[in-house]
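Got the viewer open and a hand on the mouse? Let's take a short walk through this model, one selection at a time.

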Amino acid sequence: MRLTTSALLLILPFLTAAQQQKPLSESLQSWIEKAKSYIPSADTAPVAATAAKAAKNNVVTLKSSNWQSVLSPSESADPSQGPEEWMVLFSGGNKSCYGRCARVEKAWNESIVLFAADPTAPHLAYVHCDQSPVLCTTWAASVPTIWHIQLPVPAADQSRPATTIRKLGLNTTTVTAGDIVKIHAEKTYEKRPVYEGALHPFDGWAARAGLNGPLGYVLYAAANIPSWAFMIVLSMGSRYVMSRRTGGGPARPQQSETLGGAPPANEPAVR
């Protein structure tokens, strides 16, 4: 088959384009790289600012003065819907977290943006243990941790089942927003045991006796007593015990008069 001159001129541009055409994989990679160039990945400040704003608007900050009113079922809660789900982050600064919570705070703020798009998202709360040390002491909360709380709704007869709490520790070097979201989305909290300690903020013996607040202040004060004060008290206590064991008090004057002996010089002799 012989090609005419007109046919050759017609297909020549296509042959030239075929010789210059890159493989599909190279073209696709080039397109991806070009798309990446339009994404401001280097400057994360706007993303961090958006996450921080979302955290401020969607998260309740708990303090000793408001946690009992905040962590209570809403009046419109329906008992048939089950308990209200809460996730409370306990974090801190240099004093309580030794400066290791920066990554946790960043991941928490980013997770709030993801929770905002989830209609089944839990209620979110936050405790800064540098700013609310008494509350953290009252709850015996370590940082950084997330407490997953299932807050029961009172029944029609006003009876209230137990409040289920599970504590989840966070890795300060590897935690991500996805890890925090999975606590709710994949129910990873179910892998942790239910907390039933004496300082349970809802069902512990101190809570039932109404001693949560006073006990928190006592424990916080005891935890902040300097070590040298303990040493002084221990030293005084040991000296008191030793003095009691060795007879204690000043030595009694011995009786100089013995059976058949002479009377003291300042007493007249008896005839």
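The tour starts with a sheet, then moves on to two helices. Keep in mind that this is a predicted model.

**Stop one: the sheet.** Show the strands as a cartoon. You'll find five of them in an open sheet, in the order 1-3-2-4-5, with mixed pairing. Which strands stand at the edges? Select 60–61 for strand 1 and 164–169 for strand 5: each has a single partner strand, so one side of each is left without a neighbour in the sheet.

**Stop two: one strand pair.** Now select residues 145–151, which make up strand 4. Strand 4 and strand 5 run antiparallel, and six bridges join them. Click on Ile149, and you'll see Ile165 of strand 5 standing opposite.

**Stop three: helices on the sheet.** Add helix 5, residues 102–116. Helix 5 lies across strand 2 (84–91), strand 3 (123–128) and strand 4, and runs at about 160° to strand 3. Helix 7 packs on the sheet too, where it touches strand 2, strand 4 and strand 5. The direction of helix 7 makes about 155° with that of strand 2.

**Stop four: helix against helix.** Keep helix 5 on screen and select residues 177–185 for helix 7. How do the two pack? Their axes are 8 Å apart, at an angle of about 50°, so helix 5 and helix 7 are oblique to each other. Their crossing is right-handed.

Finally, show side chains: from helix 5, Ala107, Trp108, Glu110, Ser111, Leu114 and Phe115 meet Ala177, Ile180, Val181 and His184 of helix 7. Colour this contact by type and you get seven nonpolar residues, two polar and one charged.

Methods
Residues are numbered from 1 along each chain as its sequence is written. This is a predicted model: local features need pLDDT of at least 70, side-chain atom pairs count only at pLDDT 80 or more; totals for chains, interfaces and linings use all residues. Side-chain values use heavy atoms; hydrogens and water are left out. Axes are lines fitted to C-alpha atoms, for helices over the stretch in contact, and angles run from 0 to 180 degrees between N-to-C directions. Helices (H or I, at least four residues) and strands (E, at least two) are DSSP runs, numbered from the N terminus. Angles under 35 degrees count as roughly parallel, over 145 as roughly antiparallel, 65 to 115 as roughly perpendicular and the rest as oblique. A crossing is left-handed if the near helix is turned anticlockwise from the far one by less than a right angle, and right-handed if clockwise. Contact means heavy atoms within 4.5 Å. Ala, Val, Leu, Ile, Met, Phe, Trp, Tyr, Cys and Pro count as nonpolar, Asp, Glu, Lys and Arg as charged, and the others, Gly among them, as polar. Two strands pair if DSSP finds at least two bridges between them.
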